[in-house]
Each structure stands twice: as C-alpha cells, then as structure tokens.
Amino acid sequence: GTASDDYKIAPLDLLEITVFGVQDLNRAVQVSSSGMISLPLIKTVKAGGLTAGQLEQSIAAKLEKNYLQSPQVSVFVKEYNSQRITVDGAVMKPGIFPIVGKVSLLQAVALAQGLNPVADPSAVIVFRTVDNKRMAARFDLRSVRSGKIDDPFLQAGDIVMVDESR
C-alpha cells in the first residue's frame with residue numbers, strides 16, 4: 001500500500017468522514033488529544049493509532065449495529081497535525097509547521113522564512129524527545145549550506161531553536 005494507507009491517525013489530525021448517501025453524517029472532525037473523535041449517532045470512536053481503513057471499518061460496524069445496512073464509510077486525513085515541527089528563536093517567522101514526509105533542517109528554517117538579521121547561523125539547536133528524554137544537537141547552518149555536513153532530517157515533534165549572535 002501507499003504510505004498514507006499505513007499512516008496511523010494521531011491526536012489533532014483533521015479527518016474528513018463521509019458516509020455514502022447519508023449527508024447528515026458527513027463532517028470534518030478533529031481527533032482529540034486522547035485520540036477520540038465524536039460523530040452523530042455513534043458518539044465517540046477511537047481513531048488514534050488506527051489507519052484510515054481500520055477507522056472506516058470501526059465506524060461502519062457501529063453504524064450497522066443500530067442504524068444503517070452495510071454503510072459505505074470513507075475516512076480521509078485532511079491535515080496531519082500530529083506531524084509538526086516548531087521553529088523558534090532568531091527566525092523571521094517563528095511558529096509550528098505541519099510537515100508531510102521528510103523535512104530537513106534547511107527546509108525547516110525556510111518554512112520560518114529564514115534567519116533574521118541577529119541570528120547566529122553557527123548556533124542552531126535541534127531538540128528531540130526520545131523515550132521521554134530530551135536530547136539536543138547543535139548545527140552550524142553555514143556548514144550545512146556549503147555541503148560540509150549533511151542537511152539533517154527532522155522528525156515530527158522536533159524543536160529547532162536558532163540562537164541570536166552574541
């Protein structure tokens with residue numbers, strides 16, 4: 001299957017849910033921080049950790065039990081909000097950016113519209129939480145740009161902090 005077939009829905013993702021022939025049930029829902037969504041008729045359903053296909057089956061089974069004969073449910077992940085990185089510090093536009101697929105450090109800085117005039121390109125720190133431990137790695141953007149070191153790939157949840165030059 002394609003990557004999106006294997007994608008596991010996560011908290012804060014925005015889902016588009018349609019039930020064929022039942023207009024009232026079509027809606028966009030955001031997954032709660034505990035991984036649940038709520039829908040008419042069937043109340044709350046666990047979405048977190050399921051693929052879109054598994055969630056379709058789960059919703060269909062609940063609808064079939066009480067309301068509809070063999071409902072055709074489709075779930076589309078509209079926004080992968082769980083997949084995001086934070087870029088902060090001495091950049092033009094600090095913020096939280098949704099990412100789809102792989103994003104490198106230079107691309108992340110570009111998402112924040114580049115370094116601001118007081119930034120220190122040699123002091124860019126990437127924070128990452130691994131097994132509940134916070135780790136940090138320091139990068140010199142000049143070395144990355146010149147190709148001396150590889151442009152590192154970021155992971156969802158990473159925080160990129162650009163220091164100001166002293």
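## A walk from a buried aspartate to a three-stranded sheet

Start by selecting aspartate 158, which is buried, with a relative accessible area of 1%. Keep in mind as you look around that this is a predicted model.

Now add arginine 128 to the selection. Its side chain forms a salt bridge with aspartate 158, and the closest N and O atoms are 2.6 Å apart. The two residues bring distant parts of the chain together: aspartate 158 lies in the loop between β11 (153-154) and β12 (159-164), arginine 128 lies in strand β9 (residues 119-130), and 30 residues separate them. Buried or partly exposed: which is arginine 128? Arginine 128 is partly exposed, at a relative accessible area of 23%, while aspartate 158 is buried.

Next, pick aspartate 140 and arginine 142. These two also form a salt bridge, with 3.3 Å between the closest N and O atoms. Arginine 142 counts as partly exposed, at 48% relative accessibility.

How many salt bridges are there in the count? There are three, and another stop is the pair lysine 78 and glutamate 16, whose side chains meet at 3.0 Å, N to O. This pair, too, links distant parts of the chain: lysine 78 is in strand β5 (residues 73-79), glutamate 16 is in strand β1, and they are 62 residues apart. Both count as partly exposed, lysine 78 at 45% relative accessibility and glutamate 16 at 25%.

From here, show the strands as a cartoon. Three of them form an open sheet in the order β2-β1-β5, with antiparallel pairing. Because β2 and β5 stand at the edges and have a single partner strand each, one side of each is left without a neighbour in the sheet. From one strand to the next, the twist averages 30°.

Zoom in on β1 and β5, which pair in the antiparallel sense over six bridges. Select threonine 18 to find one bridge: its partner in β5 is serine 74. Then bring up helix α2 (residues 52-66), which packs on the sheet, touches β1 and β5, and runs at about 135° to the direction of β5.

Finish at leucine 25, in the loop between β1 (14-19) and β2 (27-30). Leucine 25 is buried, with a relative accessible area of 6%. Which residues does leucine 25 contact, leaving aside its neighbours within four places in sequence? They are Ile17, Val19, Pro40, Leu41, Leu63 and Leu68. As a last selection, try leucine 39: it is 14 residues from leucine 25 in sequence, and the C-alpha atoms are 7.6 Å apart.

Conventions:
Residues are numbered from 1 along each chain as its sequence is written. This is a predicted model: local features need pLDDT of at least 70, side-chain atom pairs count only at pLDDT 80 or more; totals for chains, interfaces and linings use all residues. Side-chain values use heavy atoms; hydrogens and water are left out. Helices (H or I, at least four residues) and strands (E, at least two) are DSSP runs, numbered from the N terminus. Buried means under 20% relative accessible area, exposed over 50%, partly exposed in between (1.4 Å probe, protein chains only). Contact means heavy atoms within 4.5 Å. A salt bridge is a side-chain nitrogen of Lys or Arg within 4 Å of a carboxyl oxygen of Asp or Glu. Two strands pair if DSSP finds at least two bridges between them. Axes are lines fitted to C-alpha atoms, for helices over the stretch in contact, and angles run from 0 to 180 degrees between N-to-C directions.
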